[in-house]
Amino acid sequence: MKKTFRIAFNAFLAIMVIIQWIILSTSIPDSSFMSGGFRTLKYFTVLSNLLEAAACIIWIIRGDERLKYVAAVSVGLTFTVVMAFLGPLFGYPMMFAGPSLWMHGIVPLAAMAESIVFNRERLSVRDNLWAVFPMLIYGIFYLGNIIINGIPGNDWYGFMLWGYPGGAAALVIIVCVTYLIGLVLRKLNEKVGVR
């Protein structure tokens, strides 16, 4: 029963992420914070949700709990950044409008809850470090793009509002926050997870 539920749950999450991405990609941008088409792939939100969708599909095929954990940490970071930084900066209504409700809220919360309750493998510090990897790669490319092409039009998350030192500090902070999210998910899974 539990496995059947998880298969259905993962299939639903993967389908909803793909549907929401298609909606986001084909809608007409209504603000400077949104982009359509494949330009949506510049956002960590979209990439982390697509990682979650891929992890869901791979879990259905192979039962890969570690990839599910890495993806849950990535979308968990999306949720945390929206709640702690982007929401106060740009407004929560904008952060949870349309497909963003799924990508910023529902999918991250569902993925983290699944990782806490249903993950069946003991995760290690090494797994926790792997969970930081997607964000670290994204952060390096994000800052690298700004250094090469300049801040205007390339700092869509607003991390450079305090200049290059602020952007570098933001990267370090986000690395630490990502690790912390992974640590919390690991420890909660050890306490309440179904084995």
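Helices here are DSSP runs of H or I at least four residues long, numbered from the N terminus. With that in hand, the residue N10 can be placed in helix α1, which covers residues 2-26. The structure described here is a predicted model, and the account below moves from the whole chain to a handful of its residues.

The overall fold is easy to summarise. The chain holds seven helices and zero strands, and read from the N terminus its elements follow the order α-α-α-α-α-α-α. The chain is as compact as a globular protein of its length, because its radius of gyration of 17 Å is close to the 16 Å that the globule rule gives for 195 residues. Along the principal axes, the C-alpha atoms occupy a box of roughly 50 × 35 × 25 Å.

Burial, contacts and surface add to this picture. Of the 195 residues, 47% count as buried. Among contacts in the chain with a separation of 6 or more, 71% are between residues 24 or more positions apart. The chain exposes about 9,800 Å², and carbon and sulfur atoms supply 76% of that area. As for charge, there are 15 positive and 9 negative charges, and their mean positions lie 6 Å apart.

A good place to look inside the model is the surroundings of N10. This residue has a relative accessibility of 0%, and it therefore counts as buried, the limit being under 20%. Which residues does N10 touch, once its neighbours within four places in sequence are left aside? They are C56, W59, I60, K68 and E114. With two of these partners the contact is also polar and runs from side chain to side chain: the distance is 2.8 Å for N10 and E114, and 2.7 Å for K68 and N10.

K68 itself belongs to helix α3, made up of residues 65-90, so the polar contact between the side chains of K68 and N10 links helix α3 to helix α1, as the helix assignments by DSSP runs show. Like N10, K68 is buried, with a relative accessibility of 5%. Not counting residues up to four places away in sequence, K68 touches N10, E52, A55, C56, W59 and E114. Several of these names also appear around N10, including C56, W59 and E114.

Helix α1 also carries R6. Is R6 buried or exposed? It is buried, its relative accessible area being 2%. The side chain of R6 forms a polar contact of 2.8 Å with the side chain of E65. Beyond its neighbours within four places in sequence, R6 is in contact with W59, E65, E114, F118, N119 and R120. Here W59 and E114 turn up again, having been listed among the contacts of N10 and of K68. A longer view from R6 leads to G105, 99 residues apart along the chain, with 20 Å between the two C-alpha atoms.

Two further residues are neither buried nor exposed. I23, again in helix α1, has a relative accessible area of 39% and is partly exposed. Between I23 and Y92 there are 20 Å in space, C-alpha to C-alpha, and 69 residues in sequence. M94 sits in helix α4, which spans residues 92-95. With a relative accessible area of 29%, M94 is partly exposed as well. M94 and V172 are 78 residues apart in sequence, and their C-alpha atoms are 26 Å apart.

Technical notes
Residues numbered from 1 in each chain as written. Predicted model: local features only at pLDDT ≥ 70, side-chain atom pairs only at ≥ 80, totals over all residues. Heavy atoms only, no water. Helix = DSSP H or I, 4+ residues; strand = E, 2+ residues; numbered from the N terminus. Rg over C-alpha atoms; globule rule 2.2 N^0.38 Å. Buried < 20%, exposed > 50% of the residue type's maximum accessible area, 1.4 Å probe, protein only. Contact = heavy atoms within 4.5 Å. Areas by Shrake-Rupley, 256 points an atom, 1.4 Å probe, with all protein chains shown as cover. Lys, Arg positive; Asp, Glu negative; His and termini not counted. Charge placed at Lys NZ, Arg CZ, Asp CG, Glu CD. Polar contact = N/O pair within 3.5 Å; in protein donor to acceptor, adjacent residues only side chain to side chain.
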